[in-house]
Amino acid sequence: MQSFETRAEQSAKREEIIACFEQISIERCKDMTPSERIKTFNANRSPAWTLLGIGVIAYEETANRVAIDLNAEQRHCHSIAGHPKGGIVQGGIVTGWLDVAMATACLVDGMEDTTVASLEIKVTFLLPAHPGRYRSYGTVIRRGRSIGFMEAELLDAQGKLIARASSTAAVRIKNHTASTAT
């Protein structure tokens, strides 16, 4: 019998994703353009991103948004048996794709080396996602000193809107000189 993840395990996974961004130094981050930050994120990929099927991340300067290519696989699906399109991507995977787009947009938007921790995410599922290629777009609506408001959308390969999300997140400037011992 498969067991469910505990809150501690879920928290540990979230910390692992945040730790991926810890590899960026505050000195380098201040002088980076959004496109340079994206290159750093692509070079320091989180294992969670591989699990979610996250591909190339790009920054679209004219639209001031992050674009992420995604590959939905049958392992991301439920309702597989007999489904004409190979199954339906589980809603938590779709939420993860949108969350990565929003958090990455917030990380790219800032001038400091920051962490982004989701406080609340609202997702509207408009159409089912199936195995195949997708693209998510993340934008920052407003970012203050400690709170960020982001939005994202997920489109299929034909440009159909599959899902939309909005998020409120805690945005914290990293203190690289403070001790991390507990």
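**Reading a predicted model: what the terms rest on**

Modeller: Gly-144 lies in the loop between strand 6 and strand 7, the latter covering residues 147-156, and like everything discussed here this placement comes from a predicted model.

Colleague: Why is Gly-144 called partly exposed?

Modeller: The relative accessible area of Gly-144 is 37%, and since partly exposed covers the range between the buried limit of under 20% and the exposed limit of over 50%, Gly-144 falls into that class. Across space, Gly-144 and Val-171 are 8.1 Å apart from C-alpha to C-alpha, although 27 residues separate them in sequence.

Colleague: What makes Thr-139 partly exposed?

Modeller: Thr-139, a residue of strand 6, has a relative accessible area of 22%, and because buried requires under 20%, Thr-139 is counted as partly exposed. The C-alpha atoms of Thr-139 and Glu-153 are separated by 9.2 Å, with their positions 14 residues apart along the chain.

Colleague: Which class does Leu-51 belong to, buried or exposed, and how do you know?

Modeller: Leu-51, which lies in helix 4 (residues 47-52), has a relative accessibility of 53%, and as the exposed class begins over 50%, Leu-51 counts as exposed. The partner to mention here is Arg-75, 24 residues away in sequence and 9.7 Å away in space, again C-alpha to C-alpha.

Colleague: And Ser-167, buried or exposed, and on what value?

Modeller: Ser-167, in strand 8 (residues 161-173), has a relative accessibility of 4%, which is under the 20% limit, so Ser-167 counts as buried.

Colleague: How do you know that the side chain of Ser-167 makes a polar contact with the backbone oxygen of Glu-120?

Modeller: The side chain of Ser-167 reaches that backbone oxygen of Glu-120 at 3.1 Å, and because a polar contact asks for N or O atoms within 3.5 Å, the pair qualifies.

Colleague: What makes Gln-90 a cap of helix 5?

Modeller: A side-chain oxygen of Gln-90 lies 2.4 Å from the backbone nitrogen of Gly-92, within the 3.5 Å allowed for a polar contact, and Gln-90 thereby caps the N-terminal end of helix 5.

Colleague: Why is helix 5 described as largely enclosed by the rest of the structure?

Modeller: Of the 19 residues of helix 5, 14 are buried, so the helix is largely enclosed by the rest of the structure. Helix 5 (residues 91-109) spans 27 Å from its first C-alpha to its last, which is close to the 27 Å expected at 1.5 Å a residue.

Colleague: How do you know that the charged end of Arg-65 sits over the ring of Tyr-137?

Modeller: The charged end of Arg-65 is 3.7 Å from the centre of the Tyr-137 ring, inside the 6 Å limit that is set together with a limit on the angle to the ring normal, and this charged end is accordingly listed as sitting over the ring.

Colleague: What makes the phi of Asn-64 worth a remark?

Modeller: Asn-64 has a positive phi of about 50° although it is not a glycine. Asn-64 sits in the loop between strand 1 (54-60) and strand 2 (65-72), and at 45% relative accessibility, under the 50% that exposed would have to pass, Asn-64 counts as partly exposed. Ser-79, also not a glycine, has a positive phi near 55°, and its place is the loop between strand 3 (77-78) and strand 4 (88-89). With a relative accessibility of 43%, Ser-79 counts as partly exposed.

Colleague: Which residues are the closest to the centre of the second largest pocket?

Modeller: That pocket has a volume of about 210 Å³, and of the 13 residues that line it, Lys-85, His-130, Tyr-134, Asp-156 and Gln-158 are the closest to its centre. Strand 6 (residues 132-143) supplies the largest share of the lining, three residues. Asp-156 also has its C-alpha 9.8 Å from that of Leu-127, which is 29 residues away along the chain, and Leu-127 itself belongs to the loop between strand 5 (114-125) and strand 6.

Colleague: How many helices and strands does the protein chain come to?

Modeller: The protein chain has five helices and eight strands, which from the N terminus on run α-α-α-α-β-β-β-β-α-β-β-β-β. Of its 182 residues, 42% count as buried.

Technical notes: Residues are numbered from 1 along each chain as its sequence is written. This is a predicted model: local features need pLDDT of at least 70, side-chain atom pairs count only at pLDDT 80 or more; totals for chains, interfaces and linings use all residues. Side-chain values use heavy atoms; hydrogens and water are left out. Helices (H or I, at least four residues) and strands (E, at least two) are DSSP runs, numbered from the N terminus. The expected span of a helix is 1.5 Å times one less than its number of residues. Buried means under 20% relative accessible area, exposed over 50%, partly exposed in between (1.4 Å probe, protein chains only). A polar contact is a pair of N or O atoms within 3.5 Å; within protein, one must be able to donate a hydrogen and the other to accept it, and residues adjacent in sequence count only if both atoms are side-chain atoms. A charge sits over a ring if NZ of Lys or CZ of Arg is within 6 Å of the ring centre and within 35 degrees of the ring normal. On a 1 Å grid over the protein atoms alone, a cavity is a set of points where a 1.4 Å probe fits but cannot get out, and a pocket is an open set with protein on both sides within 12 Å along at least five of seven lines; lining residues have an atom within 4 Å of a point. Grid points are joined across faces, edges and corners, and a volume is the space filled by probe spheres set on the points.
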